[in-house]
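Grab your viewer and a coffee, and let's work through a few exercises together. Try each task on your own before reading its solution.

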Amino acid sequence: MQQKTINDLKIGEQAVVTGLGCSGALRRRIIDMGITPGAVVILRKAAPMGDPLEINVRGYELSIRRSEAREITVESVVQPGEGGRL
């Protein structure tokens, strides 16, 4: 299965951060914003031209560039009523 990133999420989709694919100053900046492994993120909006993305993380709204979003790997969270048992 291919790694999914925040950039691949659909509007309203919720996911858990599984890793960061960057290093150095960008990694430190992303961590400082509260985007760490285990954090739940929800994609709220995308700007009309597609960049930046607005996400909700740890209870606040945050705008990040698509280039940054491509570095944050996530695992989708199944919403109640969307799947699982029949």
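**Exercise 1. Find the residue with a positive phi in the hairpin of strand 4 and strand 5, then do the same for the hairpin of strand 3 and strand 4.**

Bear in mind that you're looking at a predicted model. Start with the hairpin of strand 4 and strand 5: there are 2 residues between the strands. Arg58 is the one to pick, with a positive phi near 55 degrees. Now step back to the hairpin of strand 3 and strand 4, which has 6 residues between its strands. Here Gly50 takes a positive phi, near 95 degrees.

**Exercise 2. Work out how strand 4 is held on either side, and how well it is covered.**

Take one side at a time. Strand 3 pairs with strand 4 in the antiparallel sense, over 5 bridges. To see one of these pairings, look at Ala46, whose bridge partner in strand 4 is Leu53. On to strand 5: it runs antiparallel to strand 4, and 5 bridges join the two. Ile55 stands opposite Leu62 of strand 5. Last, check the cover: 4 of the 5 residues in strand 4 are buried, so to speak of it as mostly covered is fair.

**Exercise 3. Write down the strand order of the sheet and name its edges.**

Walk across the sheet and you get 1-6-2-3-4-5, an open sheet of 6 strands with antiparallel pairing. The edges are strand 1 (4-5) and strand 5, each of which pairs on one side only. Further in, strand 2 and strand 6 pair over 5 antiparallel bridges, and Val16 sits opposite Glu75 of strand 6.

**Exercise 4. Which residues touch the most other members of the largest nonpolar core?**

The core has 20 residues, and the best-connected ones are Ile6, Ile35, Val41, Ile55, Ile64, Ile72 and Val74. Next, ask where the core comes from: strands 2 (14-20), 3 (40-46), 4 (53-57), 5 (60-64) and 6 (72-76) each give two or more residues. Now zoom in on Val74. Leaving out residues up to four places away in sequence, its contacts include Ile6, Leu9, Val17 and Val41. As a rule, nonpolar side chains in soluble globular proteins tend to be buried together.

**Exercise 5. Is Asp8 buried or partly exposed?**

First locate Asp8: it lies in the loop between strand 1 and strand 2. Its relative accessible area is 42%, so Asp8 is partly exposed, because that class runs between the 20% and 50% cut-offs. Finally, look across to Arg70: its C-alpha atom is 8.0 Å from that of Asp8, though the two are 62 residues apart along the chain.

Conventions
Residues are numbered from 1 along each chain as its sequence is written. This is a predicted model: local features need pLDDT of at least 70, side-chain atom pairs count only at pLDDT 80 or more; totals for chains, interfaces and linings use all residues. Side-chain values use heavy atoms; hydrogens and water are left out. A nonpolar core is a set of buried Ala, Val, Leu, Ile, Met, Phe, Trp, Tyr and Cys residues joined through side-chain atoms within 4.5 Å. Buried means under 20% relative accessible area, exposed over 50%, partly exposed in between (1.4 Å probe, protein chains only). Contact means heavy atoms within 4.5 Å. Two strands pair if DSSP finds at least two bridges between them.
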